[in-house]
Amino acid sequence: MSVLKVVEILGNSTVSWEDAVDQVLKEASKTIKNIKSVYIQDMQAMVRDNKVSEYRINAKVTFGILDE
């Protein structure tokens, strides 16, 4: 039987939503091993001068619990 854990992480980027996801994975992988998936729960865009200035995501990162 496989046991998985889920953590919720907020991420942002000035480039794109995809880059925001990449930033979440980059930072999460520093302390979380065995990442299985990322579920994007919510997306927001901040606007400045009628242009998107920042992309924000609310992500749920799923990872396996390691047996040692």
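This is a dialogue about how the labels given to parts of a predicted model follow from its computed values.

Student: Why are β1, β3 and β2 said to form one sheet, and in what order do the strands lie?

Tutor: Two strands count as paired if at least two bridges are found between them. Strand β1 (residues 4-13) is joined to β3 by ten bridges, and strand β2 (residues 35-48) is joined to β3 by twelve bridges, so both pairs satisfy the criterion of at least two. The result is an open sheet of three strands in the order β1-β3-β2, with antiparallel pairing. The edge strands are β1 and β2, each of which pairs on one side only, and the twist from one strand to the next averages 15 degrees.

Student: Which residues stand opposite each other in these pairs?

Tutor: On the β1 side, Glu 8 stands opposite Lys 60 in β3. On the β2 side, Gln 44 has Arg 56 of β3 as its bridge partner, and Arg 48 stands opposite Lys 51 in β3.

Student: What makes β2 and β3 a hairpin, and what is the phi of Asp 49 in the turn?

Tutor: The two strands pair in the antiparallel sense, and two residues lie between them, with Asp 49 in the turn having a positive phi of about 55 degrees. Asn 50, in the loop between β2 and β3, also has a positive phi, of about 65 degrees, although it is not a glycine.

Student: How do you know whether Asn 50 is buried or exposed?

Tutor: The relative accessibility of Asn 50 is 77%, and exposed means over 50%, so Asn 50 is called exposed.

Student: Why is Thr 62 called buried while Asn 34 is given another label?

Tutor: Thr 62, which lies in strand β3, has a relative accessibility of 15%, and because buried means under 20%, the label applies. Asn 34, in the loop between α1 and β2, has 32%, which falls between the 20% and 50% limits and is therefore partly exposed.

Student: How do you know that Asn 34 and Thr 62 meet in space, and what else does Asn 34 touch?

Tutor: They are 28 residues apart in sequence, and their C-alpha atoms are 8.7 Å apart, but contact is judged on heavy atoms within 4.5 Å. Leaving out residues up to four places away in sequence, Asn 34 touches Thr 62, Phe 63, Gly 64 and Leu 66. The contacts of Thr 62, counted with the same exclusion, include Asn 34 as well as Leu 4 and Val 6.

Student: What joins the side chains of Asn 34 and Lys 36, and what is the phi of Asn 34?

Tutor: Their side chains are joined by a polar contact of 3.3 Å, a distance to be set against the limit of 3.5 Å. The phi of Asn 34 is near 65 degrees, a positive value in a residue other than glycine.

Student: Why do Glu 27 and Lys 30 count as a salt bridge, and how many salt bridges are there?

Tutor: The N to O distance between the side chains of Glu 27 and Lys 30 is 3.1 Å, and the rule asks for a Lys or Arg nitrogen within 4 Å of a carboxyl oxygen of Asp or Glu, so the pair qualifies. The count comes to two, and Arg 56 and Glu 54 also meet in a salt bridge, at 3.1 Å, N to O. In general, side chains of opposite charge can pair when their charged atoms come close.

Student: How exposed are the partners in these two bridges?

Tutor: Glu 27, at 42%, is partly exposed, whereas Lys 30, at 53%, is exposed. Arg 56, at 34%, is partly exposed, and Glu 54, at 15%, is buried.

Student: What makes a group of residues a nonpolar core here, and which residues form the largest one?

Tutor: Members must be buried residues of the nonpolar set, joined through side-chain atoms within 4.5 Å. The largest such core has six residues, namely Ala 20, Val 21, Val 24, Ile 57, Ala 59 and Val 61. The elements giving two or more residues to this core are α1 (17-28) and β3 (51-64). Val 61 is in contact with Val 24, and its other contacts beyond four places in sequence include Val 7, Ile 9 and Ile 35. In soluble globular proteins, nonpolar side chains tend to be buried together.

Note on methods:
Residues numbered from 1 in each chain as written. Predicted model: local features only at pLDDT ≥ 70, side-chain atom pairs only at ≥ 80, totals over all residues. Heavy atoms only, no water. Buried < 20%, exposed > 50% of the residue type's maximum accessible area, 1.4 Å probe, protein only. Helix = DSSP H or I, 4+ residues; strand = E, 2+ residues; numbered from the N terminus. Polar contact = N/O pair within 3.5 Å; in protein donor to acceptor, adjacent residues only side chain to side chain. Axes fitted to C-alpha atoms, helices over the stretch in contact; angles between N-to-C directions.
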